[in-house]
Amino acid sequence: YPSDLIRNFSIIAHIDHGKSTLADRLLEVRCFRRPHSVWKLRIDVGAKLTGTIDKRQKGLNKQVLDKLKVERERGITVKAQTASMIHKFAGHHYLLNLIDTPGHVDFAWEVSRSLAACQGALLLVDATQGIQAQSISVFHNARERGLKIIPVLNKIDLPAAQPDIIAAQVQSTFGIDPAECIQISAKTGMGVEKVLQAIIDRIPAPSGDESAPLKALLFDSLYDKYRGVISLVSIQGGVLKKGDKIASCHTRKKYDVVEVGIMHPEEVPTTSLRPGQVGYIACNMKESSEAHVGDTLHRAGEPVESMPGFKLAKAMVYAGVYPVDSNDFLKMEESIKRLILTDRSVEISRESSTALGQGLRLGFLGTLHMDVFRQRLEDEHDANVIITAPTVPYKVVYGDRSGNRTEIVSNPTNFPDITDSTARVKEILEPIVNASIIVPEEYLGDMMDLCFSHRGENLDHRYLDVTGSASSRIMMTCTLPLTEIVTDFYDKLKSRSSGFASFDYEDAGYQKSNMVKMTFLLNNKPVDALALIVHRSNEQEVGRQWVKKLHKIIPRQLFEVPIQAAVGRRIVARETLSALRADVTAGLYGGHYERKLKHLENQKESKRQMKRVGSIDLPQEAFLDMLRTK
Ligand code: GTP
């Protein structure tokens with residue numbers, strides 16, 4: 001394919017604005033069979049628009065690009081997928097490479113990675129909802145990369161659609177001429193042809209010289225049981241063919257290319273990949289760790305300068321992962337390593353806990369990311385795992401006469417006791433974010449309360465719509481500690497705004513904070529897996545909440561068990577689990593009052609002894625319950 005007939009684009013949008021539906025619709029675009037074609041197209045007999053997806057198959061598997069089971073169940077896109085399609089326009093056959101992107105804030109990293117292989121982006125906005133928090137962040141992301149942006153207003157088949165008002169909103173927010181907006185319904189297919197035309201007319205063809213040395217940008221990888229690692233690449237220069245010998249700039253390892261092809265949307269082998277093309281290569285790469293996202297591949301013996309890599313994903317939320325059955329550790333580790341191959345944004349290291357045994361510490365981009373990862377682990381690898389409470393990475397500055405030393409702590413067990421002067425903690429810094437919330441005006445007060453109660457600062461707001469009409473939307477901004485949003489902030493935001501608020505955030509560095517470590521003691525013994533890091537202003541409340549919960553979950557013992565929350569040596573909350581009284585007098589019949597008393601006295605004495613021993617009998621299930629509710 002000559003590069004002037006290629007267009008690389010992506011669809012960017014707020015969650016649920018219809019990206020996957022539009023991607024499906026585009027893949028149905030009229031396709032043709034070339035007699036000597038190298039493409040093994042699955043020709044769609046009954047399709048309205050194309051041949052890339054078979055309609056019948058589509059019925060079974062609603063959104064083809066949303067391949068993962070968890071994506072289908074939750075109706076969200078998690079992992080960006082790539083697909084190519086051929087479209088005939090003005091007598092030419094164009095190769096359109098679509099790179100689908102995920103919608104949730106946690107996956108912003110995947111979005112920016114996909115954009116690196118594109119020259120343009122469709123900015124999809126739901127015409128019933130208008131611009132939402134994430135429409136703004138994805139727009140800026142694409143604009144920074146110099147991509148041509150085509151605004152597309154979706155869902156105009158719905159009676160509530162207000163395409164003209166939303167087009168004005170697009171103008172006031174992004175400075176884009178309303179005449180550039182294309183109105184479509186991804187559901188019915190209305191207007192989709194116009195989108196294709198705009199992709200060809202407005203998005204520039206990729207540049208790249210066929211005679212230049214081979215330069216391929218590795219932007220994603222997947223794992224195939226039989227062929228090993230499959231790398232997705234974008235060819236920046238030169239031609240890549242089956243049989244070529246290639247090498248990696250990063251690892252300097254050499255490989256023989258055994259297959260090249262395009263994603264159509266499944267893998268379809270081709271004879272070569274040319275400049276501007278996006279496709280896959282199989283080259284007997286065995287280990288996932290060999291495929292570095294952002295790496296440059298070149299012809300062996302023909303070194304090139306490596307392209308600037310990608311911004312590395314930064315883990316914002318950490319949690320421990322343990323197998324329910326501790327004998328399954330190695331199996332769990334293997335499954336997780338496999339999964340990470342398809343999700344490079346997860347950080348991994350080993351850790352162990354006295355209560356839970358050997359486990360792994362994983363770093364995720366956010367809590368949804370963590371949830372999705374767990375579900376994928378269960379669905380795809382059949383692993384039964386426990387995930388401990390999420391923590392954000394804190395910076396702990398220690399100081400003594402020889403100077404200051406900063407440590408990143410993402411595990412409550414390693415968090416120092418700041419009340420202990422021998423620990424020499426100078427200060428604690430916590431990660432904060434710049435948050436933006438878009439919400440109808442009437443919810444402004446509730447949203448402000450919510451932010452204040454989560455330690456929000458620098459609150460500000462402005463109107464999004466040009467006119468201050470009754471249904472005006474407001475964009476609110478503030479800074480929030482990251483730890484406040486990793487738990488239940490998002491759920492509260494949705495419920496207090498009747499589902500209307502949208503939320504996005506970006507990293508805003510670290511700030512000094514008064515965080516303390518809270519430990520829980522059962523029968524006066526600390527339980528390491530239950531430790532938490534909390535803000536000093538919340539210690540009483542959190543402590544009380546937790547001892548109450550534990551009181552409910554832990555089964556009663558034969559002796560009294562104190563359940564305490566402590567900060568340093570100070571107990572901030574306490575509940576007492578009363579003793580279970582076995583009926584030792586059950587076998588005695590009336591009249592033997594003294595014998596009964598004697599039995600009860602004996603029972604009391606033996607209980608006292610057990611308490612002295614101080615062991616509590618905690619079934620595994622109760623322990624898991626505690627961790628889960630955490
Ligand atoms: P994420 O990938 O999770 O970000 O979502 P998405 O943007 O891909 O949204 P998706 O395509 O899953 O669409 C969300 C919902 O909107 C689905 O229920 C679609 O059926 C519906 N939808 C999409 N486009 C249209 C449209 O043009 N009209 C109507 N009425 N509904 C639509």
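## Close-up views of the predicted model

**View A. Ala 247 has Lys 254 of β11 as its bridge partner.** Worth saying up front: what you're looking at here, and in every other view, is a predicted model. The pair belongs to the match-up between strand β10 (residues 245–248) and β11, which run antiparallel and share three bridges. Together β10 and β11 make a hairpin, with five residues sitting between the two strands. Keep an eye on Arg 252 in that turn, where phi is positive at about 65°.

**View B. On to the pairing of β10 with strand β16 (residues 296–299).** Here too the strands run antiparallel, and three bridges hold the pairing between β10 and β16. Pick out Ile 246, and you'll find its bridge partner in β16 is Arg 299.

**View C. Zooming out a little, β10, β11 and β16 turn up in an open sheet of eight strands.** Reading across, the order goes β11-β10-β16-β7-β8-β15-β12-β13, and the pairing is antiparallel. Which strands sit at the edges? They are β11 (254–256) and β13 (267–270), each of which has a pairing partner on one side only. Going from strand to neighbouring strand in this sheet, the turn averages 40° if you ignore direction. Elsewhere in the same order, strand β8 (residues 228–237) is next to β15, and β8 pairs with strand β15 (residues 278–285) in the antiparallel sense through six bridges. For a landmark in that pairing, look for Val 229, which stands opposite Met 285 in β15.

**View D. A second open sheet has four strands, ordered β18-β19-β17-β20.** Pairing in this sheet is antiparallel. Its edge strands are β18 (347–353) and β20 (385–387), and each of these pairs on one side only. The twist averages 30° from one strand to the next. Strand β17 (residues 317–323) runs antiparallel to β20, with three bridges joining the two. Pro 323 is a handy marker, as it stands opposite Val 385 in β20.

**View E. Gln 358 is a residue of strand β19 (residues 357–364).** Is Gln 358 buried, partly exposed or exposed? It counts as partly exposed, because its relative accessible area is 33%, which falls between the 20% and 50% cut-offs. Setting aside residues up to four places away in sequence, Gln 358 touches Tyr 322, Pro 323 and Phe 329, plus Arg 350, Glu 351 and Ser 352. Asp 328 is 30 residues from Gln 358 along the chain, and 9.7 Å separates their C-alpha atoms.

**View F. Strands β4 and β5 pair in the parallel sense.** Strand β4 (residues 120–126) and β5 are linked by seven bridges. In one of the pairs, Val 125 has Leu 153 in β5 as its bridge partner. Strand β5 (residues 148–154) is mostly covered, with six of its seven residues buried.

**View G. Helices α10 and α12 pack against each other.** Their axes are 10 Å apart, and helix α10 (residues 444–453) meets helix α12 (residues 489–496) at an angle of about 160°. That angle is over the 145 degree cut-off, so α10 and α12 come out as roughly antiparallel. The crossing of α10 past α12 is right-handed. On the α10 side the contact involves Asp 446, Met 447, Asp 449, Leu 450 and Cys 451, while α12 brings Phe 489, Lys 492, Leu 493 and Arg 496. By type, the contact splits into five nonpolar and four charged residues, with no polar ones.

**View H. Ser 497 lies in the loop between α12 and β26 (502–512).** With a relative accessible area of 0%, Ser 497 is buried. Its contacts, leaving aside neighbours within four places in sequence, are Val 439, Tyr 443 and Met 447. You've already met Met 447 in View G, as one of the α10 residues that meet α12.

**View I. Asp 420 belongs to the loop between β22 (403–409) and β23 (425–440).** This aspartate is partly exposed, at a relative accessible area of 32%. How many residues along the chain lie between Asp 420 and Gly 568 in terms of separation? They are 148 residues apart, and 7.3 Å separates their C-alpha atoms.

Terms used
Residues numbered from 1 in each chain as written. Predicted model: local features only at pLDDT ≥ 70, side-chain atom pairs only at ≥ 80, totals over all residues. Heavy atoms only, no water. Axes fitted to C-alpha atoms, helices over the stretch in contact; angles between N-to-C directions. Parallel < 35°, antiparallel > 145°, perpendicular 65-115°, else oblique. Left-handed = near helix turned anticlockwise from the far one by under 90°. Contact = heavy atoms within 4.5 Å. Nonpolar A, V, L, I, M, F, W, Y, C, P; charged D, E, K, R; others polar. Pairing = 2+ DSSP bridges. Buried < 20%, exposed > 50% of the residue type's maximum accessible area, 1.4 Å probe, protein only.
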